[in-house]
Amino acid sequence: MRIAVLPGDGIGPEVTAEALKVLRVMEKKYDLKIEIKQGEIGGSAMEKYGTPLPEETIDICQEAEAVFLGSVGHPKWDSLPPEKRPEIGGLLKLRKLLQLYANIRPVVLFEKLKEVSPLCDSILAKKIDILIVRELASGIYFGQPRAFTGHEALDTMRYKVEEVERIARLAFEIAGKRRKKVTSVDKANVLHSSMLWRKVVGQVAPGFPQVRLNHLYVDNAAMQLILNPSQFDVILTSNLFGDILSDESAALVGSLGLLPSASIGEKINLYEPVGGSAPDIAGKGIANPIAQILCLGLMFEYSFSRADLALVIFKAVEQALNDGFRTQDVVAPGMSCKTTAEVGNKVCEYVLNWTN
Ligand code: IPM
Ligand code: MN
């Protein structure tokens, strides 16, 4: 397993370090052959190389079978020109380069974390197990023209039929292996790009007769996620709406520090947590490493066809949380906060002791 590791900025390096500990334990226990090459991305790369995505990093990624990324960004780089900013010149450029067209974000409520969810008991009585399929290589993140002239600025939300077809097909395929329901989220009452989105998704649907399809406007979807999250199986949506709804979903299940994601490309997939670089808590050793650790699970499943190993990681994480090994973002009242490393070490211990 050839893996490119890009820790990035903010809490990226701290949480990536914990995930790599878990990976090494997995390697030993399951007799895997793992080859890791580390690269720089984001603001830290910018300061060293003058670019947030150095050539060396691109090479390391293209030679790997999977890319394992921490996070990028910090307010101190917000005044740089767009192409030098960690997000645009680093992460988005890499997403485009690797043609990562789909971002898969599983949202699962761990039983014990019901106590930290902001939702009330009657809503939590039903299971929350959602999979957001976010379009990642197009839409308003990349549409041309885009410009900032000083007194005026613009972005373009643009979708082509083929782009919608491709992401829709993936969402239906995944739903076919789950609870067989796709909810497509758009703003087709106002936006032309959404009118196209809704039409094309409707045309893809008959190819998957076993999967039910419904459509929601994004404002309604944001509300439904809070009122009745268990109605959702697969949420299929565009780049911007997926970005927003996934942070909201993370809050429902306890914390932004819990959600992993898999970005699916033509050849190489990339794995990164849904939450960002969290500059306010970076360097303190208190960030939640769970999202990054769960990224390992997605990597085993989607890049190396080892869903069995993904399950081991998931179970080890669940056990650590159940035993009260929780960082500040997910502690229940009266519980003590554990550090990033304490949580990471506990997960390692459970992986090591796991028996099927
Ligand atoms: C995410 C992040 C990124 C995005 C940022 C860091 C560019 O918020 O992966 O959700 O907006 O896609
Ligand atoms: Mn986001």
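**Exercise 1. Find what the buried residues of helix 3 pack against, and work out how those residues are arranged around the helix.**

Start with the partners: the buried residues of helix 3 pack against strand 1 (2-8), strand 2 (35-38), strand 3 (66-71) and helix 4 (86-97). Contact here means heavy atoms within 4.5 Å. Helices (H or I, at least four residues) and strands (E, at least two) are DSSP runs, numbered from the N terminus.

Next, pick out the residues. Helix 3 covers residues 55-63, and Thr57, Ile58, Ile60 and Cys61 are buried in this helix. Seen down the axis of helix 3, these buried residues fall within an arc of 165 degrees, so they line one face of the helix. The arc is taken over the directions from the helix axis to the C-beta atoms. As a reminder, an α-helix has 3.6 residues a turn, so residues three or four places apart point the same way.

For "buried", use under 20% relative accessible area; exposed is over 50%, and partly exposed is in between (1.4 Å probe, protein chains only).

A quick note before going on: this is a predicted model, where local features need pLDDT of at least 70 and side-chain atom pairs count only at pLDDT 80 or more, while totals for chains, interfaces and linings use all residues. Residues are numbered from 1 along each chain as its sequence is written, chains are lettered from A and ligands numbered from 1 in the order in which they are written, and side-chain values use heavy atoms, with hydrogens and water left out.

**Exercise 2. Describe how helix 10 packs against helix 11.**

Two packed helices are described by the angle between their axes and the distance between the axes. For helix 10 (residues 290-302) and helix 11 (residues 307-322), the angle is about 160 degrees and the axes are 6 Å apart. Axes are lines fitted to C-alpha atoms, for helices over the stretch in contact, and angles run from 0 to 180 degrees between N-to-C directions.

Now classify: helix 10 and helix 11 are therefore roughly antiparallel to each other. The cut-offs are under 35 degrees for roughly parallel, over 145 for roughly antiparallel, 65 to 115 for roughly perpendicular, and oblique for the rest.

Then the handedness: helix 10 passes helix 11 in a left-handed crossing. That is, the near helix is turned anticlockwise from the far one by less than a right angle; clockwise would be right-handed.

Last, the residues. On helix 10 the contact uses Ile290, Ile293, Leu294, Leu296, Gly297, Phe300 and Glu301, and on helix 11 it uses Ala307, Leu309, Ala310, Ile313, Phe314, Val317 and Leu321. Sorted by type, the contact of helix 10 with helix 11 has 12 nonpolar residues, one polar and one charged. (Nonpolar covers Ala, Val, Leu, Ile, Met, Phe, Trp, Tyr, Cys and Pro; charged covers Asp, Glu, Lys and Arg; the others, Gly among them, are polar.)

**Exercise 3. Do the same for helix 1 with helix 10.**

Helix 1 and helix 10 pack at about 45 degrees, with their axes 8 Å apart. That makes helix 1 oblique to helix 10. Helix 1 passes helix 10 in a right-handed crossing.

From helix 1, Val15, Thr16, Ala19, Val22, Leu23 and Met26 meet Gln292, Ile293, Leu296, Met299 and Phe300 of helix 10. The tally for helix 1 with helix 10 is nine nonpolar, two polar and no charged.

**Exercise 4. And helix 8 with helix 9?**

Helix 8 (residues 218-227) and helix 9 (residues 239-252) pack at an angle of about 10 degrees, axes 10 Å apart. So helix 8 is roughly parallel to helix 9. The crossing of helix 8 past helix 9 is right-handed.

**Exercise 5. Place Arg134 and list what it touches.**

Arg134 sits in strand 5 (residues 129-135). At 1% relative accessibility, Arg134 counts as buried. Leaving out residues up to four places away in sequence, the contacts of Arg134 include Arg95, Tyr101, Arg105, Tyr141, Asn239 and Asp243.

**Exercise 6. Which backbone values go with Asp31, Ala278 and the bond from Gln144 to Pro145?**

Most residues other than glycine have a negative phi, and most peptide bonds are trans. Phi of Asp31 is positive, near 55 degrees; Asp31 lies in the loop between helix 1 (12-29) and strand 2. Phi of Ala278 is also positive, near 40 degrees, and Ala278 lies in the loop between strand 12 (269-273) and helix 10. The Gln144 to Pro145 peptide bond is cis, with omega near 0 degrees.
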